[in-house]
There are 2 protein chains.
Amino acid sequence: MDVSRLTSKGRATRARIVNAAAEQVRAHGLETLSLDAVGTATSTSRSQLFHYFPQGKRGLLRAVFEHEIAELTAAQEPALHDLSSRRSWEAWRDGLSVYYFTQGRWTCPLTALAAQVAATDEDLSAWLIAQSTTWRQTLATGVAAIQHRQQPNDQDEDLAATMICQIQGGLIMGRIDRSPESLRAVLRRILDWIPAQAA
Amino acid sequence: MDVSRLTSKGRATRARIVNAAAEQVRAHGLETLSLDAVGTATSTSRSQLFHYFPQGKRGLLRAVFEHEIAELTAAQEPALHDLSSRRSWEAWRDGLSVYYFTQGRWTCPLTALAAQVAATDEDLSAWLIAQSTTWRQTLATGVAAIQHRQQPNDQDEDLAATMICQIQGGLIMGRIDRSPESLRAVLRRILDWIPAQAA
DNA sequence: AACCTTTTGGATCGCGCAGTCCATTCTTGG
DNA sequence: CCAAGAATGGACTGCGCGATCCAAAAGGTT
């Protein structure tokens, strides 16, 4: 689907569909995401869906992921790209807190979904791996930076990976426990390894 | 299904079904778990499945969870119930490592599944919450114990929650990244907050 | 052996849902 | 204003799969 050759009306419809799908997924997960439901929610017909997402559900899902990850990234900016001070790390953490605890995002099953869908959609899998790698490397670079090192070493990379796992685990546990407490606990402690002050 | 009134043959068949289902789930996830596949794998007919699991897929899934969680718990014993020494914590961690890195358990989608299924199955949800609460409390008690305190305080509980999140996050990221590296990184650092020696 | 219970086979139903197709209506650029 | 392309409507198809049901075989008990 070449978005650029769409009418403005078309673009609006497409966006409406993506938003509704994202909302549905956020609220009820993928299992129950049906094209019918998206159609109903957006008052669009079957053919519109396949018009804007020729790959069908797969394509729609990909768009949802892109949409959500763009927002997740935005929530961490601009701190994410200058993690050389404690203050910046705190801004990063606070950005995440805001992101996850507003509009019920802590219940978002995207992580679980990603793991699930990636098993059957090679394209999506590759893209997700790239995303997670970038995120991990960015954090690892930050961990190195606050210790006045250019290149992250193995320890830095383990720490970055661990931090991401904490967050994702917090999301998963939140869905299992139906409580944001795990994620909150994680975010309270996520800077424990970050030096209080750049020496 | 009252297991106790089953013939030995019946118990064997039931066990065969649970094992096959667990294996399927471990290998391909829930999305693709079909009763047909389980039936084929175990050479059992439709009616047998519903004979041993009157709740159908739901019941089968519950049995799979019970089965897997029993094994996860066993893998952490006996350390899990005496976490008052560094040595014991290390044994605990090593038990987890063995558990997850043998028979490809790091690819196990049970966590993601749990989050998914819990949304639509109240019974299962309640049971899972109980399981995770127990686990968290046990770890929190251990965190307190190694610091010579009887009752865990808020910090101990945050730490316990964080440790669990790390592990679960490691599993999720492993599925996304198709690599056990995240889980390995987590397990390398998971004892970072545990004092080297009981003072 | 006779009787009852458990275990097994497998055909069949019904539903939900992704995806296809063709016809119709709107937009837009020349 | 008038084609050409874009956007929309909605019926229809096909299939996977969970669940039901009616029997029939096997096993165990007295």
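**How the protein meets DNA strands C and D**

Tutor: Around DNA strand C there are 23 residues, and the closest are L35(A), K57(A), S47(B), Q48(B) and Y52(B). This is a predicted model, in which local features need pLDDT of at least 70, side-chain atom pairs count only at pLDDT 80 or more, and totals for chains, interfaces and linings use all residues. Residues are numbered from 1 along each chain as its sequence is written, chains are lettered from A and ligands numbered from 1 in the order in which they are written, and side-chain values use heavy atoms, with hydrogens and water left out.

Student: What makes a residue near a strand?

Tutor: One of its heavy atoms must lie within 4 Å of the strand. The 23 residues around DNA strand C meet that test.

Student: Why is the pair between S47(B) and a base nitrogen of DNA strand C called a polar contact?

Tutor: A polar contact is a pair of N or O atoms within 3.5 Å; within protein, one must be able to donate a hydrogen and the other to accept it, and residues adjacent in sequence count only if both atoms are side-chain atoms. Here a side-chain N or O atom of S47(B) is 2.3 Å from the base nitrogen, so the pair qualifies.

Student: How do you know that H51(B) makes one too?

Tutor: A polar side-chain atom of H51(B) lies 2.9 Å from a phosphate oxygen of DNA strand C, and the limit is 3.5 Å, so this pair also counts.

Student: What makes K57(B) a polar partner of DNA strand D?

Tutor: Its polar side-chain atom lies 2.7 Å from a phosphate oxygen of that strand, so it passes as well.
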